[in-house]
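Got a minute to look at a protein model together? Let's go through it in questions and answers.

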Amino acid sequence: MNKNGYDDIGYTYEDMMEECRQLAIGSPFIAAESIGRSVMGKPILAMRVGCGARNLHINASFHGNEWITSALLMRFLTELSNAYATDGLVGGVDVLRYCSEWTIWAVPMVNPDGVELAQRGVQPNHPLYSQLLAWNGGLDDFSGWKANMRGVDLNDQFPAYWEEECKRRGATGPSPRDYPGPCPLSEPEAQAMARLTESVPFHAVIALHTQGREIYWNYRDYEPPETEALAQRLERASGYKSVKLSGSDAGYKDWFIYRFRRPGFTVEAGFGVNPLPYSSLDRIYEELRPLLLESLRM
């Protein structure tokens, strides 16, 4: 166990589920609900925070080897919960005021099977053992695995120029990364995210990834005109670089902008090689927290 009480392999699905449970039973400010299940049947949780009329969505761990984003998001939710019970402040910001204006819908771990695979690998008694080993090139080290348990990259799964992304990726079958799947929204995790996004009128979304200390804010000029200025505010808050990205399609943020014409941001937290070590969590969170707080003031 590390100093925070988590397994040395990192922040796990079990850690996340237990923290969600404790937050939901310990605060009237926060509620939890399942929005779907993964390939292996794990519940995918959404945490609802606040009571405002405007809806902000934040998600983490679309990619298995980016599990540290789940720990970052859960730390933010925990700080919001603690503020509700004390003076209402996080980092000097009156979050109770902003959470009376916003409702935050957080999905802390979109890809629980991929996280487990990246952290623990696969054992011979697993029902997909032979397939997973073959998809991983025969290697038993799955620490770089980004995809879900069927070898599909969940952040290439959305119906926003999906065919173009398939051509660009060139992946023809299941693999640790970059295979967009047989069709858009073929995977239960992507379906769950699409259902949630269709059912709740999000005014903005933030997808947490690693790494690069960058903020991607555009998509094929479908984003509303104010998005660049909002991205620059997030840049000033965090020190992360606001980047106008091209050559990428079918991601969750891309689809949200394309489908709803509202602001969406992909935040590449931290810097280094994925998976970022758990020991970097405190430093990354100090950078990320001002960005997340600023998103409540947009």
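Q: What makes a space a pocket here?
A: On a 1 Å grid over the protein atoms alone, a pocket is an open set of points with protein on both sides within 12 Å along at least five of seven lines, while a cavity is a set where a 1.4 Å probe fits but cannot get out. Points are joined across faces, edges and corners, and a volume is the space filled by probe spheres set on them. Counted that way, the largest pocket holds about 480 Å³. This is a predicted model, where local features need pLDDT of at least 70, side-chain atom pairs count only at pLDDT 80 or more, and totals for chains, interfaces and linings use all residues. Residues are numbered from 1 along each chain as its sequence is written, and side-chain values use heavy atoms, with hydrogens and water left out.

Q: What makes a residue part of the lining of the largest pocket?
A: Having an atom within 4 Å of a point. There are 28 such residues, and His63, Lys146, Asn155, Arg169 and Glu268 are the closest to the centre. By class the lining has 4 nonpolar, 12 polar and 12 charged residues; Asp, Glu, Lys and Arg count as charged, Ala, Val, Leu, Ile, Met, Phe, Trp, Tyr, Cys and Pro as nonpolar, and the others, Gly among them, as polar.

Q: Why is the crossing of helix 7 and helix 9 called right-handed?
A: Because the near helix is turned clockwise from the far one by less than a right angle; anticlockwise would be left-handed. Helix 7 passes helix 9 in just this right-handed way.

Q: Which residues of helix 7 and helix 9 meet?
A: Met193, Ala194, Thr197 and Glu198 in helix 7 meet Tyr252, Trp255, Phe256, Arg259 and Phe260 in helix 9, contact being heavy atoms within 4.5 Å. They divide into 6 nonpolar, 1 polar and 2 charged.

Q: How do you know where to trust the model?
A: Check pLDDT, the predictor's confidence in each residue, from 0 to 100. The chain averages 95, and 97% of the residues score at least 70. Over residues 1-6, though, pLDDT stays under 50. Where pLDDT is low, the predicted coordinates should not be read in detail.

Q: What is the omega of the cis peptide bond joining Asn274 and Pro275?
A: About -5 degrees.

Definitions and conventions: Helices (H or I, at least four residues) and strands (E, at least two) are DSSP runs, numbered from the N terminus.
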